[in-house]
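Q: Please take a close look at a single part of this structure, and explain step by step how that part sits among its surroundings. I am in my first year, so a connected account would help me more than a list.

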Amino acid sequence: YDMEMQIWHFHILRRRSPVMAIFVEAKPGGFNAKFQDLYTDHLDQCQNFRRDLREKGHSTDHLEDPEEYQHLHSFESFVDEPAHGFSVPGDENFDPDQHERELQQDIFNPYHRDYVRNIYFYGYKGSTTDPPCGQWVNWRIIDTPMTVSYTQLFQARNILFNHVSPFCERTSVHKNGSSTRPIQDTFARPVYRCTKLDFDSDVLKGQ
């Protein structure tokens, strides 16, 4: 497939991260309206942010130090990072009313049917796809790919390979036009598949 989208979850008590991976296929007529809305919205936010900095004459010294995140070597240190811009239960200043208002906003829904086209998946226990490659991930590989157009594939690759941070530093770690981790040995870990023989969708249950 041409790309992969990952949706991360964190299970604090089990010290594991269930991760949903959606493969992306570029094809003629594969234009994805929700993908385009997401791309355009984030592009506008980025451009507005940079314009505000230039107009106000601000430096980027007050922004987060990119090296601040280099210490994320364990599950605990990873999930202890603050959720910027969104109140989270358990925070010292958590406001339940504010949290409810945030949930009601028209925000990005990673589970929209244009992204996740099926509820059935392949599963296995593995590791993160980038350093430090921690062994605390439960992978769920959706068995139906998301589709995009070739233009949208180019847009995504342009962001991934040519993105520049507010510090004017390139953020991509791609090599030879790819940012994928080399295929790893399974070490005899089982890979299973969940289909409609294992469980029905909520839609079918309601019929």
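A: The protein has five helices and six strands, and, followed along the sequence, these elements come in the pattern β-β-α-α-α-β-β-β-α-β-α. The model is a predicted one, so everything below describes that prediction. Of the 207 residues in the protein, 26% are buried, and among the contacts between residues at least 6 apart in sequence, 61% join residues at least 24 apart. The part to look at closely is strand E2, which covers residues 17-26.

Let us begin with how E2 is enclosed. Seven of the ten residues of E2 are buried, so this strand is largely enclosed by the rest of the structure. To see what lies around E2, we can take its strand partners in turn.

With E1, which covers residues 3-8, E2 pairs in the antiparallel sense over six bridges; in this region Trp 8 stands opposite Val 19 of E2. With E4, which covers residues 137-142, E2 pairs in the parallel sense over five bridges, and here Ser 17 stands opposite Val 137 of E4. E2 also pairs with E5 in the parallel sense, over three bridges, where the bridge partner of Glu 25 is Thr 147 in E5. In a regular strand the side chains alternate between the two faces of the sheet.

We can now turn from the pairing to the side chains. The largest nonpolar core has 17 residues, and those with the most contacts inside it are Met 3, Ile 22, Phe 35, Val 116, Met 146 and Val 148. Two or more residues of this core come from each of strand E1, strand E2, strand E5 (146-148) and helix H4 (150-162), and E2 gives the most, with four residues. In soluble globular proteins, nonpolar side chains tend to be buried together. Val 116 offers a view of how this core is put together: leaving out residues up to four places away in sequence, Val 116 touches Ile 7, Met 20, Ile 22, Pro 110, Tyr 111 and Ile 142. Apart from this core lies another one, of six residues, among them Trp 136, Val 137, Trp 139 and Ile 141.

Two helices also belong in the picture. The buried residues of H4 are Gln 152, Leu 153, Gln 155, Ala 156 and Phe 161, and what covers them includes E1, E2, helix H1 (33-56) and E5. Is the length of H4 what its number of residues would lead us to expect, or not? At 1.5 Å a residue, its 13 residues should span 18 Å, and because the end C-alpha atoms are 18 Å apart, the two values agree. An α-helix has 3.6 residues a turn, so residues three or four places apart point the same way.

H1 can be treated in the same manner. Its buried residues are Phe 35, Gln 36, Tyr 39 and Leu 53, and their cover includes E1, E5 and H4. Phe 35 also appears among the residues with the most contacts inside the largest nonpolar core. For the 24 residues of H1, 1.5 Å a residue leads to an expected span of 34 Å, and the end C-alpha atoms are 35 Å apart, which agrees. At the start of H1, a side-chain oxygen of Asn 32 comes to within 3.2 Å of the backbone nitrogen of Lys 34.

Finally, we can return to Ser 17 of E2 and look at a residue that is distant from it in sequence. Ser 127 and Ser 17 are 110 residues apart in sequence, yet their C-alpha atoms are 9.5 Å apart in space. Ser 127 is placed in the loop between strand E3 (121-126) and E4, and because its relative accessibility is 11%, Ser 127 counts as buried. Setting aside its neighbours within four places in sequence, Ser 127 is in contact with Cys 133, Gly 134, Gln 135, Val 137, Trp 139 and Arg 181. One of these, Val 137, is the residue that Ser 17 stands opposite in E4. The side chain of Ser 127 also makes a polar contact, at 2.7 Å, with the side chain of Arg 181.

Notes
Residues numbered from 1 in each chain as written. Predicted model: local features only at pLDDT ≥ 70, side-chain atom pairs only at ≥ 80, totals over all residues. Heavy atoms only, no water. Core = buried A, V, L, I, M, F, W, Y, C linked by side-chain atoms within 4.5 Å. Buried < 20%, exposed > 50% of the residue type's maximum accessible area, 1.4 Å probe, protein only. Contact = heavy atoms within 4.5 Å. Expected span 1.5 Å × (residues − 1). Polar contact = N/O pair within 3.5 Å; in protein donor to acceptor, adjacent residues only side chain to side chain. Pairing = 2+ DSSP bridges.
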